[in-house]
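Work through the exercises below with the sequence and the 3D structure open. Try each task before reading its solution.

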Amino acid sequence: MENDTNQDSSRRKFLKNLSAGSMITLTGMACTSVSCKQNSGEKTTLMTTDGKLVQVSNSEIEAMEHQHHPATPAEAREGIPGKKFVMVVDLAKCKNAKKCVEACDHTHNLTPDRPYIKVLEMQDNEKSAPYWMPKKCFQCDNPPCVKVCPVGATYKRTDGIVLVDNERCIGCRFCMAACPYSARVFNWGEPPREDENIPYSPETSVPSKIGTVGKCDFCPDMLRQNKLPHCVTSCPNGVIYFGDEIDDTVTNGVETVRLSTLLKEKAGYRYMEELGTKPRVYYLPPVDRLFPFEKDTELNSES
Amino acid sequence: MKNYDTLINDLAPRKFGRRGTIWVFLLVLVIIAGVIAYIDQIRKGLVVTNLRDYALWGIYISNFVFFVATSFVGSATVAVLRLTKNKWRTPVVRIAEIITLASIIMAGFTIVLDMGRPDRLMNLFIHARLQSPITWDVIIIPTSIVLSFLMLYFPLLPDLKVLKKAFAKSRPGLSKWYGKFGLNWSGSKKQKAIQQKSIKIIAVMAIPVGIMLQTIDAWLFSTTYRVGWDSTNMGAYFISGAFVAGLGALITVVFVIRYVRKLEHYITEYHFDKLGKFLALTCLVYLYFNINEYVIPIFTAPVEEEIHLNALIYGEYAGLFWFSQVVGLLLPLIILLFKAGRKPRAMFIVGLMVVIGSWWKRYVIVTPTLLHPFLPIEGVPESWQHYFPSVHEWLITSATLAMALLIITLFVRYLPVIPIQRTAEEKGYLTKIDKKEES
């Protein structure tokens with residue numbers, strides 16, 4: 001029984017590799033075998049993910065659905081190919097409904113005292129009006145946290161996302177000290193345990209582990225399924241736009257717009273540009289607001 | 001010969017008296033309490049501390065910085081005074097070497113107490129990334145431990161031989177151990193030449209290694225975008241602070257040992273006067289860097305830095321800030337400028353002020369900065385806006401300090417705190433004996 005499952009999973013593994021197109025020369029052959037499904041006993045030589053050459057009888061090769069198991073810590077180190085994820089937060093639309101925080105806490109199994117997203121009350125100076133600023137990890141292109149991590153537990157991916165591998169993290173909290181945006185939270189005690197049996201993935205950030213760091217991850221598990229992060233879809237006011245810098249498109253789930261046009265027309269900026277951390281999260285200034293600034297949060301969350 | 005015998009009698013290790021036993025007993029009690037607290041911390045996680053997402057480092061880190069600073073006394077006295085040919089150093093170097101070794105061992109130990117996952121300590125080697133200042137620490141701290149050990153051990157070899165001989169009849173068991181650790185030291189010309197050369201190399205190395213250790217410690221802070229840490233002044237500021245903290249610790253320990261072991265003939269007012277002048281000089285240098293660190297930024301402070309400086313000068317941290325500046329630096333400096341202030345008793349008080357001031361100074365460097373981030377602290381419990389160590393943190397930190405004192409105490413118990421051989425040579429007692437042995 002156990003052997004069977006092993007075989008099954010390794011087959012899945014190499015087919016996944018195949019579908020990723022890393023074996024261009026062999027794909028043609030494999031595909032014909034798939035479509036023919038001969039029982040002739042002919043074998044095809046394929047390469048596994050760890051670089052071994054294996055022979056598989058053609059009858060064994062099957063096409064499969066794209067699998068959605070969460071990426072392992074090793075797989076999660078590679079970004080999603082051809083993507084550069086980017087977020088735009090429209091401060092004019094935020095009224096502190098906190099639905100993004102709720103959705104994020106729920107998906108990542110977070111307690112209210114260690115949220116990945118915070119909605120901050122900001123006021124630039126005495127004369128200017130206060131506004132709400134949803135803040136998450138800025139996924140910097142020049143990330144101070146990654147520079148100081150002594151063990152490579154936090155890393156930058158090709159798709160722009162900065163992730164934490166909480167199976168490697170030693171809990172020194174240097175990354176938290178280095179982050180100028182206080183984006184990271186720490187599991188000071190034992191985190192809630194309902195998600196204990198879920199296989200850990202840095203792309204889902206669950207389950208959290210005691211003595212390690214966590215933070216907003218841009219929900220790469222959703223992105224792999226071509227879905228939007230939970231904070232984007234849960235926002236009742238379309239505050240958060242998410243998309244790909246290479247495609248130059250972002251969407252808040254309702255409208256899809258050109259990133260460059262949006263930033264140009266609404267004077268998009270990045271928080272504390274002068275630090276040189278190059279955040280991947282842009283803000284649109286709180287002008288022509290949809291809602292008055294209201295401190296009573298209960299009123300705000302009624303959407 | 002009579003002089004030489006008195007010398008050995010005065011300087012050779014002695015059993016603990018009643019006071020010594022009580023002292024060790026108390027230290028062990030504090031250590032046990034700390035071990036229990038640490039076991040609890042391992043079981044429950046760092047939640048037993050008052051550290052939270054904003055005050056993410058606390059007294060474990062500031063205590064670590066304190067140990068690193070006091071460990072500089074070896075480089076400061078042994079190496080610097082040796083290279084500048086200051087003869088008066090002889091009766092205090094061994095104590096300085098002992099403090100250095102005890103401090104640097106405890107520094108290495110303390111940093112692990114702060115880790116969220118001490119079980120993954122090996123990741124620092126398996127997955128080491130060279131661009132992280134913590135990796136630099138992982139390299140420099142063991143280097144310093146080895147160097148400090150050699151700095152204590154090599155000059156000790158002739159003394160171990162002396163002790164082996166001295167205890168041969170009265171305590172044969174102990175004598176055997178001294179013989180073993182003495183590595184068959186015979187005092188031949190060849191051995192002496194190797195020993196002298198080695199000590200010289202160690203002394204020369206102690207300066208760059210000491211400076212690197214202090215600087216890397218400073219860089220742990222200045223490589224972040226934090227107000228109050230992100231300063232190019234930090235490396236030099238930490239080195240100058242380490243001179244002060246290290247000498248303060250040395251003076252305090254020297255006074256206590258001199259009093260307990262009745263070494264007034266060996267460590268005289270002259271030595272205290274010299275140490276006092278040395279400490280005054282280092283205080284002046286430290287004052288200079290403090291002005292650079294806290295006064296000059298007032299002129300160009302951006303909003304966040306102004307909030308930080310205000311909290312130090314008038315606000316929440318004003319008490320501790322001014323305590324560390326006045327009691328830990330300014331008052332000692334003023335007292336030391338007077339000849340009467342450099343008498344042993346006055347110096348003991350000054351030493352204590354400096355040590356306590358230095359410990360709190362590191363607290364003032366670590367904590368307030370973390371509570372003054374760029375973005376407002378919101379959406380977390382009110383208590384997270386402030387930090388004061390929990391009972392667990394105090395117990396564990398006290399245990400590390402007690403352990404450092406215990407290491408020092410045990411070295412003092414089993415080693416001659418003043419180099420016997422060198423003192424004898426300097427006083428001219430040894431010429432006859434040497435000749436007798438060589439013939």
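**Exercise 1: A loop in chain A**

A:Pro207 is found in the loop between β8 (185–186) and β9 (213–214) of chain A. The model is a predicted one.

Task: What is the peptide bond from A:Val206 to A:Pro207, cis or trans? Then decide whether A:Ser205 is buried or exposed.

Solution.
- Step 1. Look at omega for the bond from A:Val206 to A:Pro207: the angle is near -5°, and the bond is cis.
- Step 2. Find A:Ser205, which also lies in the loop between β8 and β9 of chain A. Phi of A:Ser205 is near 60°, a positive value in a residue other than glycine.
- Step 3. Count the neighbours of A:Ser205. There are 25 C-beta neighbours inside 10 Å, and a residue with 20 or more is buried. A:Ser205 therefore counts as buried.

**Exercise 2: Two partly exposed residues**

Task: Where does A:Asp248 lie, and where is the place of A:Glu75? Place each residue and count its neighbours.

Solution.
- Step 1. A:Asp248 lies in the loop between β10 (240–244) and β11 (249–251) of chain A. Its phi is near 60°, which is positive although the residue is not glycine.
- Step 2. A:Asp248 has 14 C-beta neighbours inside 10 Å. Exposed would need 12 or fewer and buried 20 or more, so A:Asp248 counts as partly exposed.
- Step 3. A:Glu75 sits in the loop between β2 (53–57) and β3 (85–90) of chain A. With 14 other C-beta atoms within 10 Å, A:Glu75 is partly exposed.
- Step 4. Compare sequence and space for A:Glu75 and A:Glu203: the two are 128 residues apart in sequence, and their C-alpha atoms are 9.4 Å apart.
- Step 5. For chain A as a whole, take the contacts between residues at least 6 apart in sequence: 59% of them join residues at least 24 apart. Chain A has nine helices and 13 strands, and buried residues make up 41% of its 303 residues.

**Exercise 3: Three helix pairs in chain B**

Task: Which of the words parallel, antiparallel, perpendicular or oblique fits α3(B) and α11(B), α14(B) and α16(B), and α5(B) and α7(B)?

Solution.
- Step 1. The axes of α3 (residues 59–70) and α11 (residues 234–260) of chain B cross at roughly 75° and come within 7 Å. The range for roughly perpendicular is 65 to 115 degrees, so α3(B) and α11(B) are roughly perpendicular to each other.
- Step 2. In this pair, B:Phe66, B:Ala69 and B:Thr70 of α3(B) meet residues of α11(B), including B:Gly241 and B:Ala245. The contact has five nonpolar, three polar and no charged residues.
- Step 3. α14 (residues 303–313) and α16 (residues 344–370) of chain B pack at about 130°, with axes 10 Å apart. The angle falls outside the parallel, antiparallel and perpendicular ranges, so α14(B) and α16(B) are oblique to each other. Their crossing is right-handed.
- Step 4. α5 (residues 90–113) of chain B and α7(B) pack at about 155°, with axes 9 Å apart. Angles over 145 degrees count as roughly antiparallel, so α5(B) and α7(B) are roughly antiparallel. Their crossing is left-handed.
- Step 5. Among the residues that meet in this pair are B:Ile98 and B:Leu101 in α5(B), and B:Ile141 and B:Ile145 in α7(B). By class, the contact has 10 nonpolar, four polar and one charged residues.

**Exercise 4: The core and the chain contact**

Task: How many residues has the largest nonpolar core? How many residues does each chain give to the contact of chain B with chain A?

Solution.
- Step 1. The largest nonpolar core has 185 residues, and those with the most contacts inside it include A:Cys175, A:Ile240 and B:Ile99. α11(B) provides the largest share of this core, 16 residues.
- Step 2. Take B:Ile99 and leave aside its neighbours within four places in sequence: its contacts include B:Thr70, B:Ala249 and B:Ile408.
- Step 3. Turn to the chain contact, which takes 35 residues from chain B and 37 residues from chain A. On the side of chain B, α7(B) gives the most, with three residues.
- Step 4. By class, that side of chain B divides into 17 nonpolar, 10 polar and eight charged residues.

How values were computed: Residues numbered from 1 in each chain as written. Chains lettered and ligands numbered in written order. Predicted model: local features only at pLDDT ≥ 70, side-chain atom pairs only at ≥ 80, totals over all residues. Axes fitted to C-alpha atoms, helices over the stretch in contact; angles between N-to-C directions. Helix = DSSP H or I, 4+ residues; strand = E, 2+ residues; numbered from the N terminus. Parallel < 35°, antiparallel > 145°, perpendicular 65-115°, else oblique. Contact = placed C-beta atoms within 7 Å. Nonpolar A, V, L, I, M, F, W, Y, C, P; charged D, E, K, R; others polar. Core = buried A, V, L, I, M, F, W, Y, C linked by C-beta atoms within 7 Å. Left-handed = near helix turned anticlockwise from the far one by under 90°.
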